[in-house]
Amino acid sequence: MITTDICIVGAGPVGLFTVFEAGLLKMRCHLIDALPQVGGQLSEIYPQKPIYDIPGYPEVKAQELVDNLMKQIEPFNPSFTLGERVDYLAKQDDGSFVITTSDKTKVHAQVIVIAGGLGCFEPRKPVLENLENFEGKGITYMVKDPEQFRDKKVILAGGGDSALDWTIFLSDVAEKVTLVHRNETFRGAPDSAAKVFDMANNGKIDLILSSNLTKIAGNGHLQSVSMKNKAKEEITVDADYLIPLFGLSPKLGPIAEWGLNIDKNAIEVDTTDYSTNVERIYAVGDINTYENKLKLILCGFHEAALMCHSAFKYVYPDQKLSFKYTTVNGVNAF
């Protein structure tokens with residue numbers, strides 16, 4: 001039995017930062033993640049993706065952010081169970097919990113923090129005939145190594161931040177970049193959208209709007225992608241790679257059976273401290289939902305900080321928070 005103060009389900013960026021905030025309050029953390037490494041979506045799906053909205057970093061690569069978070073929490077000696085899914089939750093007589101994983105690892109904790117991002121997730125795929133025949137042979141749903149696309153013809157499809165950011169980044173890597181979007185406007189950050197429009201106007205990329213993917217073709221490897229616009233006109237573009245970036249389809253998995261209030265695969269929380277309807281269980285990051293929720297990493301960091309101050313009372317019921325700063329191993333702490 002692993003014993004800890006806080007068990008964090010999910011070792012993505014928000015889960016990792018939770019360790020730091022908890023450590024400042026002298027609370028120990030154990031993290032569980034179904035993925036074989038820390039970092040969540042950042043490490044698994046787009047480790048080389050540039051991120052532009054982390055305070056203090058004009059631009060930081062996703063994996064670099066994860067590495068920095070790991071260095072930041074090192075003084076607090078968190079422990080990890082990786083490559084195992086959380087299956088069961090049992091409440092104890094004293095209000096604490098015992099979590100059991102898919103490999104029967106047991107963790108006893110006073111507080112549970114669900115920081116599982118989108119939970120168990122898989123990419124949303126376009127509806128195209130013979131799609132599976134080209135997966136891994138020109139069709140990929142993530143960019144792990146941008147050098148894979150060096151001097152290649154790349155088509156990206158989507159209208160969110162990932163599609164915009166990768167279009168901008170790969171324009172300096174690939175021989176040719178084409179972005180296809182079903183609408184005339186983008187869901188992603190306005191600044192990124194403006195950059196993409198400027199790049200299209202200057203001929204650096206091709207931009208095809210109000211069009212949907214209709215057909216893929218190739219002989220053992222992808223060779224072309226076809227799309228239709230609103231006028232039903234079909235366009236065929238030569239391509240070495242197609243990267244559909246339509247987001248992820250979230251699945252909460254066994255967490256859905258924990259008695260939590262759930263709305264559209266997200267966990268409802270009280271924004272005063274990001275607690276759920278079950279006492280001692282909190283949810284932070286993309287996995288929670290509330291009015292005016294923004295799915296940004298920096299918002300998850302904010303949620304983690306407030307949550308830890310609330311969780312303190314369960315770990316140290318006889319103590320009150322002291323706000324006098326000291327230094328522990330070079331890290332400012334309460």
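How far apart do the C-alpha centres of domain 1 and domain 2 lie? In this predicted model, the separation comes to 34 Å. The domain assignment splits the protein so that domain 1 is built from two stretches, 2-122 and 249-329, while domain 2 covers 125-246.

Where the two domains meet, 9 residues of domain 1 are in contact with 9 residues of domain 2. Interface size is often quoted as the accessible area lost when the parts come together. Here, about 850 Å² is buried between domain 1 and domain 2, and carbon and sulfur atoms supply 63% of that area.

As for charged and polar pairings, the count between the domains is 1 salt bridge. A salt bridge joins the side chains of Asp165 and Lys49, with an N to O distance of 2.9 Å. Polar contacts between domain 1 and domain 2 likewise come to 1 residue pair, counting pairs with both residues at pLDDT 80 or more. On the side of domain 1 that touches domain 2, the residues break down into 5 nonpolar, 1 polar and 3 charged.

Turning to the cysteines, the structure holds 0 disulfides. Cys299 is in no disulfide, and the nearest cysteine sulfur, that of Cys308, sits 16 Å away. With a relative accessibility of 17%, Cys299 counts as buried, because the cut-off for that label is under 20%. Cys308 is buried as well, at a relative accessible area of 0%. What keeps the sulfur of Cys308 from a bond with the closest cysteine sulfur, in Cys29? The two sulfurs are 6.5 Å apart, which is too far for a bond, since a disulfide needs the pair within 2.5 Å.

Note on methods: Residues are numbered from 1 along each chain as its sequence is written. This is a predicted model: local features need pLDDT of at least 70, side-chain atom pairs count only at pLDDT 80 or more; totals for chains, interfaces and linings use all residues. Side-chain values use heavy atoms; hydrogens and water are left out. Domain bounds come from an automatic or database domain assignment. Contact means heavy atoms within 4.5 Å. Buried area is the accessible area (1.4 Å probe) that two parts lose on being put together, summed over both. A salt bridge is a side-chain nitrogen of Lys or Arg within 4 Å of a carboxyl oxygen of Asp or Glu. A polar contact is a pair of N or O atoms within 3.5 Å; within protein, one must be able to donate a hydrogen and the other to accept it, and residues adjacent in sequence count only if both atoms are side-chain atoms. Ala, Val, Leu, Ile, Met, Phe, Trp, Tyr, Cys and Pro count as nonpolar, Asp, Glu, Lys and Arg as charged, and the others, Gly among them, as polar. Buried means under 20% relative accessible area, exposed over 50%, partly exposed in between (1.4 Å probe, protein chains only).
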